[in-house]
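Q: I'd like to learn how to read a metal site and a pocket in a model. Could you walk me through one?

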Amino acid sequence: MKSGKLDKDEKVILAIETSCDETAAAVLRGDLKSKSPKFEILSNVIRSQIKEHAKWGGVVPELAARLHIESISPVVQKALKDSSLNLEEVNAIAVTSGPGLIGSLLVGVEFAKGLAFSTKKLIFPTNHMEGHLYSALGEKADGKLRSIKQISYPLISLVVSGGHTMVVLMESENRYKVIGSTVDDAAGEAYDKVSKLMGLPYPGGPIISKLAAEGEPSIDFPRPMIDKNNFDFSFSGLKTAVRYYIENKGQRLDIRKRKIQQDIARSFEEAVVEVLITKTMRAAKKYKAKTISLTGGVSANIRLREAFALESKKNKISFIVPPMELCTDNAGMIAIAAYINLRAGKKIKKPEFVKADSSWEIS
Ligand code: KG4
Ligand code: ZN
């Protein structure tokens, strides 16, 4: 892939993501005909709403939609500017159509449709979870976000976000099957709820993991479903165990004390990491995986990344995890997912046939 002019089989994708509380846009150029995925993410712009939601203790859907409306146009314009390409050079528009908050999704989808109508372009409606799944194909090298050199299949992917926890078996670049998921709360959701239980802000992941780094794993929290011979998870019980621990100690536990917060956080994180690793390795062994990938917002967790790297090495399986900017919600991952689908010959749509679907699950 040369810089500057596009090669004949290269296409430019403008991707838009507004499924929750980040307004994001990215531009990717990629080769649709190369033997293995070959792309570069030219720009990856994220406008986070976290500050606006934090004071309410979580994402307020109505507020999220309104903030997306304010940000979508400048974010898309910045993504184009950063890519040094203009709208005429874009071959296809990818937009997250689900799953997510319906009001948030609608802003991105309708904006993409307007753009497509006015420029006579087509849209590839993209699944947010597929975005996370395929984000593992991206790496950062020489300051650039681009495709990883090579991946060996079968691959087992753990996708852990605020709304989902799933184990996915990938047999090839574009064939996958979800083989496990959470029966209640997602791992990221558990982080967020534990943070709230300790009177700490949203999102919980970064705060809890920071506290955990200084704490001792002195509290024996449960490892739900760890011994069940499947790839499903349950994190609601773990969150409840943390709640009981805090409530039962009552007056004797000053939850505002940093040392207490650190130990709870560390013990909780220990339980989460152990369950996630055990289930993923079980799947990797069963399906003789050559590669393991870790994706989704929770994959930004340093302890989880380190534990996965170590365990994969022990079992002589390659391990890949995307750079931080592709872990939490972003449009770069949406561009990668659309690129992989277009390589596979999936149909691109006229804007009038594109709809937001808040409960669109992959299987
Ligand atoms: O993928 P994502 O940005 O949005 C969803 O699709 O849900 O994931 C957000 C989730 C939140 O629950 C957040 O607390 C969690 O990812 N998260 C983390 C970390 N950074 C974000 N969890 C654990 N450790 C982190 N460092
Ligand atoms: Zn996400």
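A: Gladly! Let's begin with the term donor: donors are N, O and S atoms within 2.8 Å of the metal, and water is not among the atoms, so sites may look incomplete. Keep in mind that this is a predicted model.

Q: Which residues coordinate the zinc ion (ligand 2)?

A: His128 and His132 each do so through NE2, and Asp329 through OD, at 2.0 to 2.1 Å. Along the sequence, these donor residues follow the spacing H-x3-H-x196-D. His132 and Asp329 thus link distant parts of the chain: His132 sits in helix α4, while Asp329 lies in the loop between β12 (318-320) and α10 (332-343), 197 residues apart.

Q: Why does His132 count as buried?

A: The cut-off is under 20% relative accessible area. His132 counts as buried because its relative accessibility is 1%. Asp329 is buried too, with a relative accessible area of 15%.

Q: Now the pocket. How is empty space found?

A: Rolling a probe the size of a water molecule over the atoms shows where empty space is left. Here, the largest pocket holds about 990 Å³ of space. Its lining is made up of 39 residues, and Ser161, Gly162, Gly163, Asp192 and Tyr202 lie nearest the centre. The elements giving two or more residues to that lining are α4 (128-134), α5 (187-197) and α6 (204-212).

Q: Which element gives the most to the lining of the largest pocket?

A: That is α5, with seven residues.

Q: And what is the lining like by class?

A: There are 17 polar, 15 nonpolar and seven charged residues in the lining of the largest pocket.

Technical notes:
Residues numbered from 1 in each chain as written. Chains lettered and ligands numbered in written order. Predicted model: local features only at pLDDT ≥ 70, side-chain atom pairs only at ≥ 80, totals over all residues. Heavy atoms only, no water. 1 Å grid on protein atoms, 1.4 Å probe; cavity = no way out; pocket = protein on both sides within 12 Å on 5 of 7 lines; lining within 4 Å. Points joined across faces, edges and corners; volume = space filled by probe spheres on them. Helix = DSSP H or I, 4+ residues; strand = E, 2+ residues; numbered from the N terminus. Nonpolar A, V, L, I, M, F, W, Y, C, P; charged D, E, K, R; others polar. Donors = N, O, S within 2.8 Å, 3.2 Å for Na, K, Ca; no water. Buried < 20%, exposed > 50% of the residue type's maximum accessible area, 1.4 Å probe, protein only.
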